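Please open the model in your viewer and keep the sequence beside it, since this tour moves from one selection to the next.

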Amino acid sequence: PLAGLPDDTIMRERRNGLLVLTHAHRDHSGALPYISRQYPHVRIAMTSTTLALCKWTWRDELRIARRRGEKTVFDEVDIRRIERRVEIVEPGTVLTAGPFEVEMTHNGHILGSIGVLVKRPVSVYFTGDTCLHHQRTVAGAELPRQPVEYLISESTYGGRVGQSRTETE
């Protein structure tokens, strides 16, 4: 893999893979046009809002890189290509990929963000970044009602305690 990107070996091995982008923040979406080019056989799903935010962010990254004379791992062609291949999902959408059935959930982090509930063959809930309380622009997360066997939760602040949202606002 490229420096700074995770080991993507598993994606080369999966012919019926599904990549679900949970939200548009750069630490989640920044290399997706590159990944899309490298793995055209992997399905990519995200909400329409996430796609709109990503397109803006990716193009902004290209403009900044050009201005600085820096190289990027993707170009405008990659952005247009990914726009055509993304499967638009919203909370409640259920997709299948091989033996897996996954349902998208509202996870309250930013506009367009989703969590991913793998319903079969084993129940796994992946939150991505999540926010449980209501914010000014987005309602709090709606967690799965049924028990899950595994929970994979991202923690941006890693247990650090800082100011409350009310204090920050």
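Two residues are said to touch, or to be in contact, when heavy atoms of theirs lie within 4.5 Å. Keep in mind throughout that this is a predicted model.

**First stop: Leu51**

Select Leu51, which has its place in helix α4. Which residues does Leu51 touch, not counting those up to four places away in sequence? They are Met46, Glu83, Val86 and Ile88. Is Leu51 buried or exposed? Its relative accessible area is 10%, and because buried means under 20%, Leu51 counts as buried. Now add Leu21, which is 30 residues away from Leu51 along the chain, and you will find the C-alpha atoms of the two separated by 9.2 Å.

**Second stop: the whole of helix α4**

Extend the selection to residues 48-68, which make up α4. At 1.5 Å a residue, the 21 residues of this helix should span 30 Å, and the end C-alpha atoms are indeed 30 Å apart, which agrees. Next, colour the buried residues of α4, which are Thr50, Leu51, Cys54, Thr57, Trp58, Glu61, Leu62 and Ala65. If you look down the axis of α4, these buried residues fall within an arc of 140 degrees, so they line one face of the helix. An α-helix has 3.6 residues a turn, so residues three or four places apart point the same way. On the face turned away from the buried side, select the exposed residues Trp56, Arg66 and Arg67. To see what covers the buried residues of α4, display α2 (26-29), α3, β2, α5 and β3, which are among the elements that do so. Just after the helix, Gly69 takes a positive phi of about 75 degrees.

**Third stop: Trp58 and the nonpolar cores**

Stay with α4 and centre the view on Trp58, which, leaving aside residues up to four places away in sequence, touches Ser29, Gly30, Leu32, Pro33, Phe74, Ile79 and Ile82. Trp58 also belongs to the largest nonpolar core, a set of 19 residues in which those with the most contacts are Leu32, Ile35, Ile44, Met46, Trp58, Ile82 and Val86. At least two residues of this core are supplied by each of α3 (32-38), β2, α4 and α5 (76-85), and the largest share, four residues, comes from α4. A second, separate core has ten residues, including Val20, Ala45, Val116 and Val118. In soluble globular proteins, nonpolar side chains tend to be buried together.

**Fourth stop: the sheet of three strands**

Switch to a cartoon view and select β1, β2 and β3, which form an open sheet in that order with parallel pairing. The edges are taken by β1 (18-20) and β3 (87-88), each of which has a single partner strand, so one side of each is left without a neighbour in the sheet. Three bridges join β1 to β2, and here you can pick out Leu18 standing opposite Arg43. On its other pairing, β2 (residues 43-46) meets β3 over two bridges, where Ala45 stands opposite Glu87 and Met46 has Ile88 as its bridge partner.

**Fifth stop: the sheet of five strands**

Now select β4 to β8, which make an open sheet in the order β4-β5-β6-β7-β8, with mixed pairing. In this sheet β4 and β8 (150-152) stand at the edges with a single partner strand each, so one side of each is left without a neighbour. Averaged over the sheet and with direction ignored, neighbouring strands are turned by 20 degrees against each other.

Begin with β4 (residues 94-97), whose covered face holds Leu95 and Ala97, while Val94 and Thr96 lie on the uncovered one. In a regular strand the side chains alternate between the two faces of the sheet. Strand β4 pairs with β5 (residues 100-106) in the antiparallel sense over four bridges, and Ala97 has Phe100 as its bridge partner. The hairpin of these strands has two residues between them, and Gly98 takes a positive phi near 60 degrees there.

At the other end of the strand order, β7 and β8 pair in the parallel sense over three bridges, with Leu151 as the bridge partner of Tyr125.

**Last stop: Pro121**

Finally, select Arg120 and Pro121, which are joined by a cis peptide bond with omega at about 10 degrees. Pro121 has its place in the loop between β6 (114-120) and β7 (124-126).

Definitions and conventions: Residues are numbered from 1 along each chain as its sequence is written. This is a predicted model: local features need pLDDT of at least 70, side-chain atom pairs count only at pLDDT 80 or more; totals for chains, interfaces and linings use all residues. Side-chain values use heavy atoms; hydrogens and water are left out. Two strands pair if DSSP finds at least two bridges between them. Buried means under 20% relative accessible area, exposed over 50%, partly exposed in between (1.4 Å probe, protein chains only). A nonpolar core is a set of buried Ala, Val, Leu, Ile, Met, Phe, Trp, Tyr and Cys residues joined through side-chain atoms within 4.5 Å. The expected span of a helix is 1.5 Å times one less than its number of residues. The arc is that of the directions from the helix axis to the C-beta atoms. Axes are lines fitted to C-alpha atoms, for helices over the stretch in contact, and angles run from 0 to 180 degrees between N-to-C directions.
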